[in-house]
Amino acid sequence: MCKNTKKNALVHYGREPMACLEGRADIAEFVERQRKTGSTVGFVPTMGALHAGHISLVERSSRECDCTIVSIFVNPTQFNQVEDLDRYPRPLDADLAMLAGSGCNAVFIPSVQEIYPEGPVTRQRWDFGGLDKGLEGKFRPGHFDGVAQVVHILLALVQPDVLYLGQKDYQQFCIVRKMVALERLPVDVRVCPIAREPDGLAMSSRNMRLSPAERRDANAISKVLFRVRNRTVVPTDYSRDPRLLASKAREELQANTALRLEYLEIVDADSLEPLERWTAGRHALICVAAWVGEVRLIDNVLIAQPA
């Protein structure tokens, strides 16, 4: 809930007010007002615990659209473990403060009941053509069904012209883009670059759960990804084969006893299928998931496939 505010109030956390919306009727009324003025609407869906990466999406939307709406909703249907859902941080006041001055015009903060009036279960599924089978899909069964369902619901409520998603969750971007195409929704789905800490670690809401020592250990993930990328620029014998290059990178991460590697793959950026050979003119994704203590982190790097 919007602390110390009334429903549908304007919240002054910075110079510009933001509408704080909680119900379906509230967001519908707000969007209708934008449509009447001919404003284009950009939408950034989040689960809160915002960081500079989220804000970069908001700022891009603000540059490209007349009105920007941000949602904060921790979606229960995309968590595989109840404990992970319970531990997910929910610093609402800090989130609202971060949005101040970012170009956000409205924050939609619905309850679980507002999103799932009949209860939080996954009722709608799509055929993603295999995009959901590998990588995260292999280790988090049903996760992308929950993601696609909640984004579908939010898009129906917000009715944006443009949807902004982050590259860190690249497979999620592919899933949402596919769902939008299957549903023929009139929204442009745009992916934005990963925001990183000065030492290269991908910004994530989960980073705040890392101890200082774990935070240092986590930096090894991005370092390996960058080394893999560099090896495609200046090829060696093994980097000419993406399978050997991925194997070498896995060995490097597995040698780090502070990490527990779940996967490291080099895949085609469109199909997400593991690459057996490079195809010049296409893009590849080097992606990884690893545990640092009790925190699971993901990261990726996009590269142009070498000739």
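Biologist: In which loop is Q159 found?

Modeller: Q159 is found in the loop between α7 (143-158) and β6. Please keep in mind that we are looking at a predicted model.

Biologist: Why is Q159 called partly exposed?

Modeller: Q159 has a relative accessible area of 46%. Buried would need a value under 20%, and exposed one over 50%. A value of 46% falls in between, so Q159 is partly exposed.

Biologist: What makes the backbone of Q159 worth a look?

Modeller: Its phi is positive, about 50 degrees, although Q159 is not a glycine. Most residues other than glycine have a negative phi.

Biologist: Which residue in the loop between β3 and α2 has a positive phi too?

Modeller: That is A49, which is found in the loop between β3 and α2. Phi of A49 is near 50 degrees, and A49 is not a glycine either.

Biologist: Why is A49 called buried?

Modeller: The relative accessible area of A49 is 1%. The cut-off for buried is under 20%, so A49 counts as buried.

Biologist: Let's turn to strand β3. What makes β3 mostly covered?

Modeller: Strand β3 spans residues 41-46, and five of its six residues are buried.

Biologist: How do you know that β3 pairs with β4?

Modeller: Two strands need at least two bridges to count as a pair. Six bridges join β3 to strand β4 (residues 67-72), so they pair, and they run parallel. In this pairing V41 stands opposite C67 of β4.

Biologist: How does the chain get from β3 to β4?

Modeller: The chain passes through helix α2 (residues 52-64) on the way, and this β-α-β crossover is right-handed.

Biologist: How do you know that β3 pairs with β6?

Modeller: Two bridges link β3 and strand β6 (residues 162-166). The rule asks for at least two, so this is a pair, in the parallel sense. F43 has L163 as its bridge partner in β6.

Biologist: What lies in the loop between α1 (24-36) and β3?

Modeller: G38 has its place there. The C-alpha atoms of G38 and D66 are separated by 8.9 Å, with the two residues 28 apart along the chain.

Biologist: Why is G38 called exposed?

Modeller: The relative accessible area of G38 is 58%. Exposed starts over 50%, so G38 is exposed.

Biologist: Why does R216 count as exposed?

Modeller: R216 lies in helix α9 (residues 212-233). Its relative accessibility is 61%, and the cut-off is over 50%, so R216 is exposed as well. The C-alpha atoms of R216 and V292 are separated by 9.9 Å, with their positions 76 residues apart in the numbering.

Biologist: Now to β8. Why does D268 count as buried?

Modeller: D268 lies in strand β8 (residues 259-268). With 6% relative accessibility, D268 is under the 20% cut-off, so buried is the right word.

Biologist: What makes the approach of D268 to D270 a polar contact?

Modeller: A polar atom of the D268 side chain lies 2.9 Å from the backbone nitrogen of D270. A polar contact needs N or O atoms within 3.5 Å, so this distance fits. The side chain of D268 also reaches the backbone nitrogen of S271, at 3.0 Å.

Biologist: How is strand β9 joined to β8 and to β10?

Modeller: Nine bridges join β8 to β9, and these strands run antiparallel. V267 has L285 as its bridge partner in β9. Another 10 bridges join β9 to β10, again antiparallel. There, A290 has L297 of β10 as its bridge partner. β9 and β10 form a hairpin with two residues between them, and G293 in the turn has a positive phi of about 65 degrees.

Biologist: What makes β9 mostly covered?

Modeller: Strand β9 (residues 283-292) has eight of its 10 residues buried.

Biologist: What lines the largest cavity?

Modeller: Among the lining residues are L201, N207, I221 and L297. Strand β10 (residues 295-304) gives the most, with three residues. The volume is about 60 Å³.

Biologist: How do you know that the lining of the second largest pocket is mainly nonpolar?

Modeller: Its residues divide into 10 nonpolar, two polar and two charged. I72, V74, R90, I109 and P110 lie nearest the centre.

Notes:
Residues numbered from 1 in each chain as written. Predicted model: local features only at pLDDT ≥ 70, side-chain atom pairs only at ≥ 80, totals over all residues. Heavy atoms only, no water. Buried < 20%, exposed > 50% of the residue type's maximum accessible area, 1.4 Å probe, protein only. Helix = DSSP H or I, 4+ residues; strand = E, 2+ residues; numbered from the N terminus. Right-handed = clockwise from strand over helix to strand, strands pointing away. 1 Å grid on protein atoms, 1.4 Å probe; cavity = no way out; pocket = protein on both sides within 12 Å on 5 of 7 lines; lining within 4 Å. Nonpolar A, V, L, I, M, F, W, Y, C, P; charged D, E, K, R; others polar. Polar contact = N/O pair within 3.5 Å; in protein donor to acceptor, adjacent residues only side chain to side chain. Points joined across faces, edges and corners; volume = space filled by probe spheres on them.
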